[in-house]
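Visitor: I am new to this one. Please show me the structure, and then I will ask how you know what you say.

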Amino acid sequence: MKILLATDGSVYSRNAVEKLCEILQSDKPAEIKIISAVERVLPMAAEPFAISDDYYLRVEQDLRGQAKEAISEAEKIIRDKFSGADFSIQTEVLTGSVKQIIIDEARE
């Protein structure tokens with residue numbers, strides 16, 4: 001079974017992880033990919049000179065850090081619940097349009 005789990009760390013994502021754990025069967029192998037997508041942080045067109053480029057870089061780094069934490073939490077829940085199971089788990093933080101990333105990853 002191949003499973004794509006997109007998470008943002010919200011309560012809803014946590015519920016999706018719990019539902020995934022209900023669906024999984026420890027005696028059957030599964031390939032799980034856990035992703036979190038981060039939108040690019042772009043300068044506002046009205047006053048790009050008011051905020052430094054460093055600010056946008058730090059915001060994007062913080063968002064990527066939050067995404068990594070969300071992925072780690074989801075992975076930990078699955079691994080703790082199915083410690084002896086034959087599950088392959090990949091994780092990835094992606095940058096771009098959240099909707100498009102999820103669609104593209106599901107197709108792949």
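Visitor: Which residues line the largest pocket?

Guide: First, a caution: this is a predicted model. The lining of the largest pocket is made of Lys2, Ile3, Leu4, Glu31, Ile32, Lys33, Ser88, Gln90, Glu105, Ala106 and Glu108. The volume of this pocket is about 330 Å³.

Visitor: Which elements supply the lining of the largest pocket?

Guide: At least two residues of the lining come from each of S1, S2, S3 and H3. By kind, the lining residues divide into four nonpolar, two polar and five charged.

Visitor: What makes Glu105 count as buried?

Guide: Buried means under 20% relative accessible area. Glu105 has 15% relative accessibility, so Glu105 counts as buried.

Visitor: Where is Glu105, and which residues is Glu105 in contact with?

Guide: Glu105 sits in helix H3. Leaving aside neighbours within four places in sequence, Glu105 is in contact with Leu4, Lys33, Ile35 and Leu94.

Visitor: What does helix H3 pack on?

Guide: I will take the sheet before the helix. The sheet is open and has three strands, in the order S1-S2-S3, with parallel pairing.

Visitor: Why do S1 and S3 stand at the edges?

Guide: Strand S1 (2-6) and strand S3 (87-95) each have a single partner strand, so one side of each is left without a neighbour in the sheet. On average, neighbouring strands of this sheet are turned by 20° against each other, direction ignored. Now the helix. Helix H3 (residues 98-107) packs on the sheet and touches S1, S2 and S3. The direction of H3 makes about 160° with that of S2.

Visitor: How do you know that S1 and S2 pair?

Guide: Two strands pair if there are at least two bridges between them. Five bridges join S1 to strand S2 (residues 30-38), so S1 and S2 pair. These two strands run parallel.

Visitor: Which residues of S2 are the bridge partners of Leu4, Leu5 and Ala6?

Guide: Leu4 has Lys33 as its bridge partner. For Leu5 the partner is Ile34. For Ala6 the partner is Ile35.

Visitor: Which residues of S1 are on the covered face, and which on the uncovered one?

Guide: Ile3 and Leu5 form the covered face of S1. Lys2, Leu4 and Ala6 form the uncovered face. In a regular strand, side chains alternate between the two faces of the sheet.

Visitor: What makes S2 mostly covered?

Guide: Seven of the nine residues of S2 are buried.

Visitor: Why is Thr95 called partly exposed?

Guide: Partly exposed lies between the cut-offs of 20% and 50%. Thr95 has a relative accessible area of 28%, so Thr95 is partly exposed.

Visitor: Where is Thr95 found, and what does Thr95 touch?

Guide: Thr95 belongs to strand S3. Not counting residues up to four places away in sequence, Thr95 touches Val38, Arg40, Glu60, Arg64 and Ile101. From Thr95 to Lys2 there are 93 residues in sequence and 22 Å in space, C-alpha to C-alpha.

Visitor: What makes Lys68 count as partly exposed?

Guide: Exposed means over 50%, and buried means under 20%. Lys68 has 48% relative accessibility, so Lys68 counts as partly exposed. Lys68 lies in helix H2 (residues 53-81).

Visitor: How far apart are Lys68 and Glu92?

Guide: Lys68 and Glu92 are 24 residues apart in sequence. In space they are 8.0 Å apart, C-alpha to C-alpha.

How values were computed:
Residues numbered from 1 in each chain as written. Predicted model: local features only at pLDDT ≥ 70, side-chain atom pairs only at ≥ 80, totals over all residues. Heavy atoms only, no water. Helix = DSSP H or I, 4+ residues; strand = E, 2+ residues; numbered from the N terminus. Axes fitted to C-alpha atoms, helices over the stretch in contact; angles between N-to-C directions. Contact = heavy atoms within 4.5 Å. Buried < 20%, exposed > 50% of the residue type's maximum accessible area, 1.4 Å probe, protein only. 1 Å grid on protein atoms, 1.4 Å probe; cavity = no way out; pocket = protein on both sides within 12 Å on 5 of 7 lines; lining within 4 Å. Points joined across faces, edges and corners; volume = space filled by probe spheres on them. Nonpolar A, V, L, I, M, F, W, Y, C, P; charged D, E, K, R; others polar.
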